[in-house]
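The following exercises are meant to be worked with the sequence and the model side by side. Each task is followed by a solution in steps.

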Amino acid sequence: MAVVVEVKGLKKHFNGEVHAVDGVDLTTGEGEYLVLLGPSGCGKTTLLRTIAGLEEPTEGEVLIGGSVVNGLPPRARRIAMVFQSYALYPHKTVLQNITFPLKAEKLGREARLNKAQWAAGLLGIGHLLDRKPRHLSGGERQRVALARALVRDPSVFLLDEPLSNLDAKLRATARDELKLFQQDIGTTTIYVTHDQVEAMGLGDRIAVMYEGRVRQVGPPVEVYDDPADTFVATFIGSPPMNLVERGDQLVGFRPENFLPQAVVAGNGNRWSLPFHVHRVEHLSGDRHLYGTVPAGREHVRVIARLPATVTTPVDPDTTYEFAVHERHLRFFDRVSGERTAPRPVRD
Amino acid sequence: MALQRERVEPGTAGRKPEWERAGGVRAGVRPTLADREGVLAPLFLLPAVAYIVALVAIPFLLAIAFSFSDVTAGDPSFDWVGLRNYRRIFQDPVFWQSLRNTFVFTVVSMALTVVLAKALAMVLVADFRGKWVVRFLVLLPWTTPVALATIVWLYLLDSLYSPIDWMLRQIGLLDGNVFWLGRPGLAMVSVVLVHTWRIVPLAAVIIMAGLVAIPDEINDAAAIDGAGFWRKLTEVTLPLTMPVIAVAALLGAILTFTDMTVVYVLTRGGPTNATQVLPSWAFIRGIVGADLAQGAAIALFLFPLLLAAAVAILRAVRRMEVL
Amino acid sequence: MTAAGVELGDRARVEARRRHAARRRVLGRVGLYAVAVLAALAAAGPFLIGVVTALKQDADLYPGSANRVWFGMAPTVEHLRFLLDSTAFTTFAWNTLWVGALVVGITLLLSLPAAYSLARLDMPWAGPLGIAIFFVYLIPPTLLFVSLSRVVVELGLQDSTWSLVVIYPTITVPVSVWLLIGFLKGIPRDIEEQAMVDGYSRTGAFVRTVIPLAFPGIVAVVVFAFTLAAHEFIYALAFVSPTVEKPISVGVPTELVRGDVFFWQSLQAAAVFVAIPIAFVFNLFLERFISGFTMGAVKG
């Protein structure tokens with residue numbers, strides 16, 4: 001069952017002062033995996049909780065499946081939520097944890113058991129049904145939380161940074177499993193994270209949030225290649241996009257597009273800059289070059305990322321001619337940070 | 001690294017300790033007693049431990065000794081009399097009455113307390129306007145000195161002046177007076193009432209701490225999982241706060257059965273020892289009656305109860321779920 | 001598919017559900033306020049009646065009075081004046097104050113180092129000793145007063161308030177140690193270690209860094225210990241008989257009653273006078289007490 005979640009003009013203020021969510025309009029697709037991405041305090045978790053019904057909006061509407069659900073308690077919204085800490089009931093076994101939501105639906109014991117076992121089987125935890133949460137590993141707990149969410153046949157899955165409590169190695173495989181799981185089930189999913197790698201890997205679309213507002217919504221490639229403002233540009237991508245002043249604009253280019261002039265080919269113009277390299281880092285086969293370029297009267301720090309295929313020798317404390325191809329340049333207004341029309345750059 | 005030039009004490013001229021000559025760090029600073037942790041730990045503890053041993057452990061042992069003696073305030077000489085005091089106590093119906101009362105009062109008070117305190121704790125945890133005022137008022141029974149709080153009740157339960165009787169008369173439920181403290185059954189009810197009234201705030205505060213310790217996300221999950229008020233209460237909140245409730249109940253029990261003030265001020269144990277409890281009886285025998293030996297013997301019967309309760313508390317604390 | 005919740009998409013049903021939910025919320029709030037008000041009345045009602053009674057004229061109090069819960073005649077402060085001028089109330093209050101202050105001082109001197117030792121200086125016997133302290137706390141005055149009365153006589157402090165100064169720490173020290181352990185555990189070790197690197201000895205670091213940082217906790221312990229001392233009844237009753245030596249908790253119940261005559265108004269006034277400030281201060285520190293107790297219970 002795939003429904004559409006819609007948020008219209010949503011605002012949530014705390015104590016009249018803190019504007020956690022400051023006017024958000026968002027519509028998911030059916031069965032879509034939408035990621036809410038942003039730094040701490042940007043409002044993504046508050047937005048999620050408002051959709052869940054754990055918070056009531058100060059202004060605006062939440063619609064699930066076309067109906068306005070403002071004022072409806074969480075359990076009436078047919079949603080399921082997985083929390084950062086998984087929120088498993090510590091005094092109940094895995095089986096009891098999974099069947100807990102089913103009791104509200106007045107299913108008989110037999111039916112509850114069957115459903116729970118189906119969900120457990122789907123997530124590969126059938127052998128853990130008699131254990132208590134404190135005897136489970138992080139990954140196992142996450143699966144129990146998912147099974148508990150699954151069992152309700154929800155119309156929407158809400159996930160609040162469920163991977164942050166796993167150690168780095170586990171996170172990659174968990175991410176993969178999560179994505180496959182969602183594609184199997186087909187339920188509309190809204191996923192909150194501050195980790196842009198996770199967002200890029202999981203989302204069908206990413207909504208980048210900052211200071212209570214959505215800055216840009218779009219598929220990962222779009223958000224990466226065509227950021228709507230300087231915040232998105234510098235938040236997405238590791239290392240972040242370089243921003244250099246030029247007149248009343250900021251010119252942005254990604255580190256992997258900032259290469260030795262000789263290597264930058266292609267028809268059309270390219271923008272050359274003298275790049276003074278301070279430091280070279282070797283990371284996973286790439287070389288990260290840290291240095292400065294002149295911008296107006298000052299020098300701006302930039303980073304270049306040379307893939308292993310570029311073998312040009314580079315030494316620290318030396319200046320080289322680097323360039324960016326015109327098609328990789330992005331232009332932003334210096335004051336507002338918003339994306340503006342491109343200007344030709346003379347080489 | 002410059003060496004500090006110390007003033008050479010007369011008589012020590014020429015004698016510089018090795019580590020100073022070596023010219024190392026901070027010459028002139030020697031490890032003193034103030035550093036030696038192996039010594040510091042017991043040293044810091046010593047005053048408190050010595051004091052407690054002197055004024056608690058020793059008197060405790062003394063009490064045991066006294067119970068086997070014939071010490072009175074008038075004749076402080078110590079003579080062994082074996083089990084004579086105990087035999088006398090066992091033959092005294094008032095003793096058995098006190099023992100029974102101690103149990104009954106404690107159990108009934110705690111049963112009432114647990115239910116009322118749990119409800120009160122849930123109220124105090126919620127957010128509402130005037131919360132601070134409510135909290136202040138609700139804590140009054142506990143924070144007021146026992147004797148004074150009991151005095152307030154003494155007036156409320158007085159056979160002539162009782163405002164409670166007056167209110168009941170106004171409503172028409174009553175004709176004449178209820179002798180709250182004059183009739184044995186009612187006197188017992190009164191004592192239990194005052195104990196419960198005093199202890200509920202304390203128990204509520206303890207239970208509050210337990211309620212607050214439940215992570216918010218678990219409450220949120222229960223809301224999402226469809227648990228209404230009662231289901232959440234019985235299936236999530238109560239199981240998770242059980243250990244804390246047990247601690248509160250046990251602590252309250254200890255405070256109730258070791259308390260002599262309420263009974264002493266309210267009824268002096270009357271009418272005719274109907275509300276006598278072990279502590280107040282021990283006091284009346286031991287201090288008022290000046291028979292220290294008997295007083296000690298009676299009081300000592302509290303000890304096994306205490307021990308049982310203490311062990312139970314420790315077990316409950318250990319069982320607090322790792323949340 | 002399950003039947004719980006709403007088939008979202010059915011507008012009318014959702015609307016009905018929303019109204020239902022709103023109504024339940026209002027009921028819940030009303031219920032909450034009702035219980036809160038009831039609890040406040042049950043707890044403070046006796047004191048409120050006490051306040052009214054304290055200000056009643058004699059004629060308004062004795063049998064035949066028209067109203068027992070409120071004033072039948074104009075209120076009067078004559079009994080308050082009586083309390084303050086003609087009884088030893090002020091003496092009692094003074095006694096409680098200076099005994100309390102001294103007891104608090106002794107308690108801190110004994111408990112602070114002890115708590116530090118148990119909380120920080122990891123000795124293997126720290127755990128069992130902590131439990132031993134807990135057990136000691138549970139030995140009630142009603143067990144000890146008999147033998148302690150002999151000790152008091154031996155010390156020659158019979159019938160003197162000083163006996164209380166000596167004895168009361170037995171009640172305050174175990175609890176204070178427990179509370180202080182909780183507070184000290186909340187202070188990160190780094191700060192002391194920094195002080196030791198900077199040149200202070202363990203003791204110096206304790207005095208200069210830990211004590212200032214634990215100050216809020218220490219204040220809480222001061223309040224708690226003072227409250228315990230002010231509440232104490234049985235030792236005071238057993239050891240002190242001269243009127244001028246009595247603290248408030250014993251003075252009021254015993255001295256404001258002459259034979260069969262209870263000076264009700266003054267009694268109530270005295271009770272309320274003492275109750276309100278203690279409750280007020282206690283309330284201010286409530287959260288701190290809770291955190292100190294719960295931290296003291298967590299091992300390591």
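**Exercise 1. Locate Asn273(B) in chain B and describe its backbone and its exposure.**

Step 1. In this predicted model, Asn273(B) is placed in the loop between α11 (261-266) and α12 of chain B.

Step 2. The phi angle of Asn273(B) is positive, about 60°, although the residue is not a glycine.

Step 3. The relative accessible area of Asn273(B) is 23%. Buried requires a value under 20% and exposed a value over 50%, so a residue in between is partly exposed. Asn273(B) is therefore partly exposed.

**Exercise 2. Examine the backbone at Glu211(A) and decide whether this residue is buried or exposed.**

Step 1. Glu211(A) belongs to the loop between β9 (205-210) and β10 (213-218) of chain A.

Step 2. Its phi is near 50°, a positive value in a residue other than glycine.

Step 3. Glu211(A) has a relative accessibility of 51%. The cut-off for exposed is over 50%, so Glu211(A) counts as exposed.

**Exercise 3. Determine the form of the peptide bond from Ser238(A) to Pro239(A), and place Pro239(A) in the chain.**

Step 1. Omega for this bond is near 0°, and the bond from Ser238(A) to Pro239(A) is cis.

Step 2. Pro239(A) is found in the loop between α8 and β11 (242-246) of chain A.

**Exercise 4. Analyse three salt bridges and state where their partners lie.**

Step 1. Side chains of opposite charge can pair when their charged atoms come close. Over all chains, the count comes to 26 salt bridges.

Step 2. Arg77(A) and Glu56(A) form one such pair, at 3.3 Å from N to O. Arg77(A) is in the loop between β5 (67-68) and β6 (79-82) of chain A, while Glu56(A) is in the loop between α1 (44-52) and β4 (59-64), 21 residues apart. Arg77(A) has a relative accessible area of 1% and is therefore buried, whereas Glu56(A), at 28%, is partly exposed.

Step 3. A salt bridge also joins the side chains of Asp226(A) and Arg330(A), with an N to O distance of 3.4 Å. Asp226(A) sits in the loop between α7 (220-225) and α8 (230-235) of chain A and Arg330(A) in strand β18 (residues 330-333), so the pair ties together parts that are 104 residues apart in sequence. Asp226(A) is partly exposed at 33% relative accessibility; Arg330(A) is buried at 13%.

Step 4. In chain B, Asp92(B) and Arg285(B) meet in a salt bridge at 3.5 Å, N to O. Asp92(B) lies in the loop between α3 (84-91) and α4 (93-125), and Arg285(B) in helix α12 (residues 278-288), 193 residues apart. The relative accessibility of Asp92(B) is 16%, so Asp92(B) counts as buried, while Arg285(B) is partly exposed at 31%.

Step 5. Salt bridges also link Lys92(A), Lys103(A), Arg231(B) and Glu235(B) in a network.

**Exercise 5. Characterise the interface of chain C and chain B by its area, its contacts and its residue classes.**

Step 1. The size of an interface is often given as the accessible area lost when the parts come together. Chain C and chain B bury about 7900 Å² between them, and 80% of this area is on carbon and sulfur atoms.

Step 2. Chain C brings 88 residues to the contact and chain B brings 85 residues.

Step 3. Between chain C and chain B the count of salt bridges is 0, and 9 residue pairs are in polar contact across the interface.

Step 4. On the side of chain C that touches chain B, helix α1 (residues 11-54) of chain C gives the most, with 14 residues. By class, this side has 68 nonpolar, 15 polar and 5 charged residues.

**Exercise 6. Which residues have the most contacts inside the largest nonpolar core, and which helix gives the most to this core?**

Step 1. The largest nonpolar core has 157 residues, and Tyr168(C), Tyr235(C) and Val252(C) have the most contacts inside it.

Step 2. Helix α4 (residues 89-119) of chain C gives the most to this core, with 12 residues.

Step 3. Leaving aside residues up to four places away in sequence, Tyr168(C) touches several residues, including Tyr51(B), Val99(C), Val103(C) and Tyr235(C).

Step 4. A second, separate core has 43 residues, among them Leu136(A), Leu150(A), Leu159(A) and Leu163(A).

Definitions and conventions:
Residues are numbered from 1 along each chain as its sequence is written. Chains are lettered from A and ligands numbered from 1 in the order in which they are written. This is a predicted model: local features need pLDDT of at least 70, side-chain atom pairs count only at pLDDT 80 or more; totals for chains, interfaces and linings use all residues. Side-chain values use heavy atoms; hydrogens and water are left out. Contact means heavy atoms within 4.5 Å. Buried area is the accessible area (1.4 Å probe) that two parts lose on being put together, summed over both. A salt bridge is a side-chain nitrogen of Lys or Arg within 4 Å of a carboxyl oxygen of Asp or Glu. A polar contact is a pair of N or O atoms within 3.5 Å; within protein, one must be able to donate a hydrogen and the other to accept it, and residues adjacent in sequence count only if both atoms are side-chain atoms. Helices (H or I, at least four residues) and strands (E, at least two) are DSSP runs, numbered from the N terminus. Ala, Val, Leu, Ile, Met, Phe, Trp, Tyr, Cys and Pro count as nonpolar, Asp, Glu, Lys and Arg as charged, and the others, Gly among them, as polar. Buried means under 20% relative accessible area, exposed over 50%, partly exposed in between (1.4 Å probe, protein chains only). A nonpolar core is a set of buried Ala, Val, Leu, Ile, Met, Phe, Trp, Tyr and Cys residues joined through side-chain atoms within 4.5 Å.
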